[in-house]
Amino acid sequence: MEHHFPYLPRRRWTLTALALAAGILACTLGQTPPTQPPASPGARTEPGTGATAPAESQPRPLPPAYASGDVVNPVDLEYLGAFRLPGGNDRPQTFAYGGNAMTFNPDGDPAGPDDGFPGSLFVMGHDRMPYGDLPDGNQVAEINIPVPVASRDLGGLNTTDFLQGFNDIARGQFAGLDEIPRVGLQYLNRPETGPKIHIAWGQHFQESPSASHAWFDPTLSQPQMQGAWFIGDQDLYSVNGYLFEIPAPWAEVFGGKYLATGRARDGGWSGMGPALFAYTPWQADGSPPPDGTHLQETVLLLYENSYNTTDIIHAMSGYQHPDEWEGGAWISAPSGRQAVIFAGTKSNSEKYWYGYLNPAGPQYACVDTQITDFPTCRMADGSICPQQDFEGCCDEAYGRCASLRGWWGTRFDAQIIFYDPANLAKVARGEMAAWEPQPYAFLDLDEHLYLSPPEWERISLGWGDQRRYRIGDIAYDRQNNLLYVLELFADGAAPVVHIWRVR
């Protein structure tokens with residue numbers, strides 16, 4: 001089903017036992033998220049090594065063949081079906097509790113059948129876990145792409161095969177960033193560097209500066225990771241959730257920047273909507289910058305941050321604090337029409353709150369009553385909930401709550417939202433404020449999803465209309481106009497890959 005704006009009426013997990021313990025502890029102790037302010041987006045200090053990126057060229061006019069509004073619409077996306085991922089459940093070399101990141105490799109599987117689905121996918125497996133429980137998680141494997149099947153029966157889907165098994169590509173890298181990792185991947189074969197997989201890495205809470213971006217080789221057994229680097233001096237909560245290619249004509253519009261990165265963290269910590277920055281990590285000779293370099297970035301999209309205000313202002317249309325956009329892509333139709341899209345789980349709630357599910361029903365809030373430094377319940381229009389919604393529902397004396405703590409609402413939907421690239425170019429040239437571009441349309445995905453997670457994960461994921469974390473990362477095959485979307489917890493604890501064709 002497709003819809004058009006102006007108005008749009010979390011995702012990570014650990015094993016249930018650890019998550020349940022953390023939720024009970026938070027319910028009992030009333031822990032409050034850190035509230036340190038992010039770095040100013042305009043700051044240009046260079047801490048650490050003091051290394052600087054090459055000088056930035058100025059954004060240029062739009063590609064000659066493109067006019068504002070010449071965009072891909074939801075009706076242009078044709079659903080083709082889905083396929084299952086291979087392997088077992090032995091962690092960390094499993095796709096169960098995975099789907100954090102994915103990227104398409106146009107050079108992959110050259111000996112595969114000529115079935116209309118060439119190339120391969122690099123997909124990330126089971127997440128790292130904190131406190132030393134799974135320090136070698138977030139391993140990456142390469143898979144081929146079978147013909148998708150449109151079936152409501154998982155057993156009727158084709159199952160792909162491994163081209164490269166799981167490898168710990170980040171061994172010794174991003175140390176300590178294992179508390180609900182946030183990761184993006186993008187395969188890019190440039191003349192300057194040859195084939196590389198670019199990576200963004202962060203975690204749910206990041207209280208100290210740490211370089212977030214790097215690259216590694218596609219031979220997973222010998223990744224030879226280079227980096228890591230900062231994206232300017234941007235807030236880490238805004239840069240390390242997704243990563244995608246900017247097509248060449250548009251990269252020149254943004255001053256020769258070929259990669260887009262950003263994040264949309266729940267609670268508005270990354271901005272009240274998806275953030276997006278253009279960057280290029282290689283030097284003129286194709287070599288990697290020194291570790292710790294602050295790469296020059298071009299801001300393409302950046303909404304107001306909830307650190308700065310508790311008001312819902314300078315936000316994406318229909319924004320709500322439980323929103324989480326997990327993947328991004330720059331897509332195009334054979335006619336040349338373009339769109340920048342984000343996929344994730346949208347809160348379309350009559351009211352939303354920070355706390356827990358209410359066992360009395362989805363229409364009732366259940367706030368964390370021990371948090372008082374920000375409004376913990378809001379109505380759909382951003383106004384504060386009635387006083388009775390702040391009474392809570394947990395048996396706090398015994399730490400008993402119906403779910404894990406987090407941002408909840410009365411309804412969630414899996415969606416793709418669409419932005420006009422011309423508006424992002426206007427931001428880059430200073431013709432629009434970074435919070436002014438708005439999605440022009442959205443596409444509901446739920447009719448194609450299986451939405452059948454393991455029963456034991458309901459405490460983390462929710463159920464029914466309140467099911468969170470529906471969509472993981474996405475990847476795009478530009479040559480064949482194929483969009484790959486991970487549905488989380490679709491095959492037990494493992495994702496399923498859905499495919500759409502852009503017509």
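In this predicted model, the buried residues of helix α3 (residues 421-428) pack against one other helix element, α2 (248-253), and against the strands β13 (276-279), β15 (297-301), β16 (324-332), β17 (338-347) and β21 (412-419). Helix α3 is mostly covered, since seven of its eight residues are buried; these are P421, A422, N423, L424, A425, V427 and A428. Both ends of the helix have a feature that can be found in the structure. At the N-terminal end, D420 acts as a cap, with a side-chain oxygen lying 2.9 Å from the backbone nitrogen of A422, while just after α3 the residue G430 takes a positive phi of about 80°.

**Strands β16 and β17**

Two of the partners of α3, the strands β16 and β17, are also partners of each other, for they run antiparallel and are joined by eight bridges. Along this pairing, G328 stands opposite F342, which belongs to β17. The two strands form a hairpin with five residues between them, and in this hairpin G336 takes a positive phi near 100°. Is β16 enclosed or open to the outside? Nine of its nine residues are buried, so the strand is largely enclosed by the rest of the structure.

**The nonpolar cores**

In soluble globular proteins, nonpolar side chains tend to be buried together. Here the largest nonpolar core has 79 residues, and those with the most contacts inside it are L77, F254, L276, I331, F342, F418 and L483. One of these, L276, can serve as an example: when its neighbours within four places in sequence are left aside, L276 is in contact with Y242, F244, A260, T261, G262, T298, V299, L300, L301, V340, F342 and L424. Among these contacts is L424, which is one of the buried residues of α3, and also F342, the residue that G328 faces across the hairpin. A second, separate core has 21 residues, including L177, I199, A214 and A228.

Away from these examples, L445 is found in the loop between β22 (441-444) and α4 (458-461). With a relative accessibility of 0%, L445 counts as buried, because the cut-off for this word is a value under 20%. Not counting residues up to four places away in sequence, L445 touches A414, Q415, I416, I471 and W500. The C-alpha atoms of L445 and E487, which are 42 residues apart along the chain, are separated by 9.9 Å.

**An open sheet**

Five strands form an open sheet of mixed pairing, in the order β7-β8-β9-β10-β14. Its edge strands are β7 (181-190) and β14 (294-295), each of which pairs on one side only. Inside this order, strand β8 (residues 194-203) and strand β9 (residues 213-216) pair in the antiparallel sense over four bridges, and the bridge partner of A200 is H213 in β9.

**Salt bridges**

Side chains of opposite charge can pair when their charged atoms come close. The structure holds 18 salt bridges, and the table gives some of them.

| Salt bridge | Closest N to O distance |
|---|---|
| R337 and D76 | 2.6 Å |
| R84 and D491 | 2.8 Å |
| E192 and R190 | 2.9 Å |

The pair of R337 and D76 links distant parts of the chain, for R337 lies in the loop between β16 and β17, D76 lies in the loop between α1 (16-29) and β2 (77-84), and 261 residues separate them. D76 counts as buried, with a relative accessibility of 12%. The pair of R84 and D491 also links distant parts of the chain, with R84 in strand β2 and D491 in strand β24 (residues 482-491), 407 residues apart. R84 is partly exposed, its relative accessible area being 23%.

In the pair of E192 and R190, which partner is buried and which is partly exposed? E192 counts as partly exposed at 30% relative accessibility, whereas R190 is buried, with a relative accessible area of 17%. In addition, salt bridges that share partners join R182, E324 and E326 into one network.

**The whole protein**

Taken as a whole, the protein has four helices and 25 strands, and of its 503 residues 62% count as buried. The protein exposes about 18,000 Å², of which carbon and sulfur atoms supply 51%.

Methods: Residues numbered from 1 in each chain as written. Predicted model: local features only at pLDDT ≥ 70, side-chain atom pairs only at ≥ 80, totals over all residues. Heavy atoms only, no water. Core = buried A, V, L, I, M, F, W, Y, C linked by side-chain atoms within 4.5 Å. Buried < 20%, exposed > 50% of the residue type's maximum accessible area, 1.4 Å probe, protein only. Contact = heavy atoms within 4.5 Å. Areas by Shrake-Rupley, 256 points an atom, 1.4 Å probe, with all protein chains shown as cover. Pairing = 2+ DSSP bridges. Polar contact = N/O pair within 3.5 Å; in protein donor to acceptor, adjacent residues only side chain to side chain. Salt bridge = Lys/Arg side-chain N within 4 Å of Asp/Glu carboxyl O.
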